[in-house]
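Reader: Can you walk me through this model? I'm in first year, so keep it simple.

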Amino acid sequence: MFFEKRHGLFVGRFPAWAGTAGLRHAFSTRRGGNSLPPFGALNLGLNTEDDPDSVRENWAKFCLAAGLDRDRMAFTRQVHGDGVAVVETPGIIQDTDALVTQSRDVVLAIQVADCVPVFLFDPRRRAVGLAHAGWRGSALGIAGKTTVAMAGRFGSRPADLSACIGPSIGPCCFEVGPETAERFAPRYLQAGRLDLWAVNRDSLIAAGMDPNAIHVSRLCTVCHRDWFFSHRGDGGKTGRMAAVIGLE
Ligand SMILES: [Zn+2]
């Protein structure tokens with residue numbers, strides 16, 4: 001991932017999709033917003049204890065910088081499950097951790113701070129998907145289930161899809177206890193640390209995706225807390241970054 005500075009904010013982009021016509025995507029950082037600690041500064045989380053006016057102003061700034069239309073956004077109220085919602089209109093979708101759409105009238109958004117954002121694009125069927133995969137969602141295979149939803153709803157062939165995995169807690173930092181570890185195959189664990197990037201990549205491959213079409217940013221939110229909010233690194237009370245994808 002690289003970061004463009006626009007209107008005073010940094011907007012994250014994936015090199016794999018930087019020149020892709022008809023696709024827009026973005027990832028925010030924690031820098032440049034109006035929120036006060038512990039939400040400083042660009043908190044885009046809709047379910048934190050931050051001042052709602054600050055969050056609203058932050059979203060306006062981020063939309064301006066990223067070239068997004070705030071009125072077209074579809075947000076999630078995430079529950080660490082494996083539900084995938086088909087979205088055709090903007091708004092807040094309750095109890096879901098993944099969104100898919102073929103509509104140009106809606107831009108998908110999720111909120112993360114350590115959890116893994118999985119972005120999906122089908123250039124053939126012109127469809128996008130976005131999944132919020134914390135360890136629970138990852139254990140449930142939400143990344144693969146999102147591709148399955150795109151196949152079922154839009155006729156997407158997994159082999160046509162391209163995926164990008166954004167900044168999130170890395171295998172360098174994600175120490176887990178036995179109750180979490182036992183939900184994953186031993187190959188994803190090393191010295192008590194869990195590799196959610198590999199779990200999600202394998203979930204996409206198991207759903208039929210080409211390994212060469214899966215791009216992992218390999219940016220750890222705990223290691224780079226000057227750039228990113230980190231639930232674990234900031235002691236639980238912190239802001240959220242936004243992951244965004246849409247068609248145009
Ligand atoms: Zn790390």
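Author: What follows goes from the metal site to the cores, the rings and some backbone details.

Author: This is a predicted model, where local features need pLDDT of at least 70, side-chain atom pairs count only at pLDDT 80 or more, and totals for chains, interfaces and linings use all residues. Residues are numbered from 1 along each chain as its sequence is written, and side-chain values use heavy atoms, with hydrogens and water left out.

Reader: Ok, metal first. Which residues are the protein donors of the zinc ion?

Author: They are Cys-172, Cys-173, Cys-220 and Cys-223, each through SG. They lie 2.3 Å from the zinc ion. Donors are N, O and S atoms within 2.8 Å of the metal (3.2 Å for Na, K and Ca); water is not among the atoms, so sites may look incomplete.

Reader: How are the donor residues spaced in sequence?

Author: The pattern is C-C-x46-C-x2-C.

Reader: And what geometry does the site have?

Author: Tetrahedral, with angles of 103 to 116° among the four donor atoms. Four donors get that label if all angles lie between 85 and 135 degrees.

Reader: Why does Cys-172 count as partly exposed?

Author: Because its relative accessibility is 41%. Buried means under 20% relative accessible area, exposed over 50%, and partly exposed in between (1.4 Å probe, protein chains only).

Reader: New topic. How many residues are in the largest nonpolar core?

Author: It has 31 residues. Val-118, Leu-120, Leu-194, Leu-204 and Met-209 have the most contacts inside it. A nonpolar core is a set of buried Ala, Val, Leu, Ile, Met, Phe, Trp, Tyr and Cys residues joined through side-chain atoms within 4.5 Å.

Reader: Which elements supply at least two residues of this core?

Author: Among them are β9 (116-122), β10 (127-133), α3 (142-154) and α5 (196-206). Helices (H or I, at least four residues) and strands (E, at least two) are DSSP runs, numbered from the N terminus.

Reader: What is Met-209 in contact with?

Author: Leaving aside neighbours within four places in sequence, its contacts include Leu-120, Thr-147, Leu-204 and Ile-214. Contact means heavy atoms within 4.5 Å.

Author: Apart from the largest core lies another, of 28 residues, among them Trp-17, Ile-110, Cys-164 and Leu-219. In soluble globular proteins, nonpolar side chains tend to be buried together.

Reader: Rings now. How many aromatic pairs are in the whole structure?

Author: A search finds 10. Rings of Phe, Tyr and Trp (its six-membered ring) pair if their centres lie within 6.5 Å; planes under 30 degrees apart count as stacked, over 60 as edge-to-face and the rest as tilted.

Author: Phe-14 and Trp-17 make an edge-to-face pair, 6.0 Å centre to centre with 85° between the planes. Trp-17 is buried because its relative accessibility is 3%.

Author: Trp-17 also pairs edge-to-face with Phe-119, at 6.5 Å and 70°. That pair links distant parts of the chain, 102 residues apart: Trp-17 is in the loop between β2 (9-13) and β3 (23-27), Phe-119 in strand β9. Phe-119 is buried, with a relative accessible area of 0%.

Reader: Which residues form one aromatic cluster?

Author: Phe-3, Phe-10, Phe-27, Trp-227 and Phe-228. Arg-31 lies over the face of Trp-227, 3.7 Å from the ring centre. A charge sits over a ring if NZ of Lys or CZ of Arg is within 6 Å of the ring centre and within 35 degrees of the ring normal.

Reader: Trp-59: buried or exposed?

Author: Buried, at 1% relative accessible area. Trp-59 sits in helix α1 (residues 52-66). Ala-60 lies in α1 too, but Ala-60 is partly exposed at 46%.

Reader: Last one. Where are the cis peptide bonds?

Author: One joins Pro-37 and Pro-38, with omega about 5°. Another runs from Gly-40 to Ala-41, with omega near 0°. Pro-38 is in the loop between β3 and α1, and so is Ala-41.

Reader: What is phi of His-80?

Author: Near 60°, a positive value in a residue other than glycine. Ala-191 has a positive phi too, near 50°. Most residues other than glycine have a negative phi, and most peptide bonds are trans.

Reader: Is Ala-191 buried or exposed?

Author: Exposed, with a relative accessible area of 68%. Ala-191 is in the loop between β12 (189-190) and β13 (193-194).

Notes. Four donors count as tetrahedral if all angles lie between 85 and 135 degrees; four count as square planar and six as octahedral if opposite donors are over 155 degrees apart and all others between 65 and 115; anything else is irregular.
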